[in-house]
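Dear colleague,

I am passing on the structure we spoke about, and below it you will find my notes on how its helices and strands are arranged. Please read them with the structure open beside you.

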Amino acid sequence: MYVLKYFIVTGTSRGLGKAITEQLIAKDHTIFCISRKQNNELKNLASSQGIPLYYFSCDLQKVEEVERVMEKIFTTIDFSSAEGIYLINNAGVIQPIKPIGKATSNEIATNVQVNLIAPMILSTYFIQYTSNINTVKMIINISSGAANRPSVGWATYCSSKSGLDMFTKAVSIEQENVANPAVVISFSPGIMDTDMQADIRQSDKDDFAELEKFVEFEQQGLLRSTETVAKILLNLVFNGLPVNGKIYDIKEMI
Ligand SMILES: NC(=O)c1ccc[n+]([C@@H]2O[C@H](COP(=O)([O-])OP(=O)(O)OC[C@H]3O[C@@H](n4cnc5c(N)ncnc54)[C@H](OP(=O)(O)O)[C@@H]3O)[C@@H](O)[C@H]2O)c1
């Protein structure tokens with residue numbers, strides 16, 4: 001029988017999400033990309049290879065948009081041919097980089113909506129739509145070292161990523177007791193050379209105590225490329241038998 005793997009990836013316009021998607025463009029894969037901006041390079045690459053890649057311009061802060069996108073995705077998937085269905089919650093925002101007390105309500109809400117609430121909503125639909133499907137199912141939440149390390153000026157980001165790891169752990173034990181369970185993991189990608197790091201380096205030193213350290217990370221060439229990180233993550237997903245509920249850290253994998 002003809003079998004396919006389906007991937008739903010958020011935050012594909014740039015950074016790690018773009019690199020993951022680039023590496024997923026391969027035979028027998030179907031990819032659903034979610035971000036506000038579309039990435040034409042990815043679209044062209046997929047179409048040149050005849051790989052189905054669907055783009056959804058969606059603001060993950062908007063619950064109704066997320067619901068609509070998931071409905072569309074799951075009416076497109078042919079479950080009878082599905083050998084694996086994967087949700088990669090990668091989209092993230094670092095702002096507000098400033099102490100609580102200076103951050104605005106909108107900045108705090110945006111961060112938590114994109115980093116935590118959207119992955120929760122995407123996961124609930126993923127699990128609901130696939131509950132009767134007996135195939136490999138995986139939810140991969142892209143976390144951060146900040147989930148376990150409080151940092152002055154990053155209270156919102158640390159909290160949303162810490163919440164995401166707890167979400168991974170809590171959903172993973174729910175899945176232990178259902179028919180056709182999904183494997184749920186977190187993956188902490190380490191520091192990478194992306195717009196997010198550029199954003200961090202541009203922050204105000206009065207608002208972010210570790211600014212100098214992050215400037216030095218770049219100067220010393222310590223930021224990993226997104227291609228390297230995507231390769232390590234996808235190797236874990238396809239060859240590493242990921243353990244349900246585990247919080248993986250790239251530092252322990254290289
Ligand atoms: N870079 C690092 O050093 C580092 C370290 C540890 C963890 N991480 C984590 O790794 C993941 C990827 O980070 P990155 O460095 O690749 O980030 P990035 O370069 O800043 O890209 C962020 C992605 O998220 C999407 N996004 C942001 N807000 C969105 C919204 N409201 N709706 C839909 N999509 C949205 C962006 O797309 P649009 O703007 O087009 O919507 C973009 O594709 C994040 O979860 C981040 O927290 C990064």
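Helix α1 (residues 15-24) packs against helix α8 (residues 226-239) with the axes 8 Å apart and at an angle of about 60°, where axes are lines fitted to C-alpha atoms, for helices over the stretch in contact, and angles run from 0 to 180 degrees between N-to-C directions. That makes α1 oblique to α8, given that angles under 35 degrees count as roughly parallel, over 145 as roughly antiparallel, 65 to 115 as roughly perpendicular and the rest as oblique. Helices (H or I, at least four residues) and strands (E, at least two) are DSSP runs, numbered from the N terminus.

This is a predicted model, in which local features need pLDDT of at least 70 and side-chain atom pairs count only at pLDDT 80 or more, whereas totals for chains, interfaces and linings use all residues. Residues are numbered from 1 along each chain as its sequence is written.

On the α1 side of this contact are G15, L16, K18, A19, I20 and Q23, which meet T226, E227, V229, A230, K231, L233 and L234 in α8; two residues are in contact if their C-beta atoms, placed from the backbone, lie within 7 Å. By class, the residues of the contact of α1 with α8 are seven nonpolar, three polar and three charged (Ala, Val, Leu, Ile, Met, Phe, Trp, Tyr, Cys and Pro count as nonpolar, Asp, Glu, Lys and Arg as charged, and the others, Gly among them, as polar).

A second helix pair is formed by α3 (residues 63-76) and α4 (residues 105-129), whose axes come within 10 Å and cross at roughly 30°, and α3 and α4 are therefore roughly parallel to each other. Here V63, V66, M70 and F74 in α3 meet A118, I121, L122, Y125 and Y129 in α4, and the residues of this contact divide into nine nonpolar, no polar and no charged.

Turning to the strands, seven of them form an open sheet with parallel pairing, in the order β3-β2-β1-β4-β5-β6-β7, two strands being paired if DSSP finds at least two bridges between them. The edge strands, each pairing on one side only, are β3 (53-57) and β7 (247-249). At one edge, five bridges join β2 (residues 29-35) to β3 in parallel, with S35 opposite S57 in β3. At the other, three bridges join β6 (residues 183-188) to β7, also running parallel, and F187 stands opposite Y248 in β7.

Best wishes
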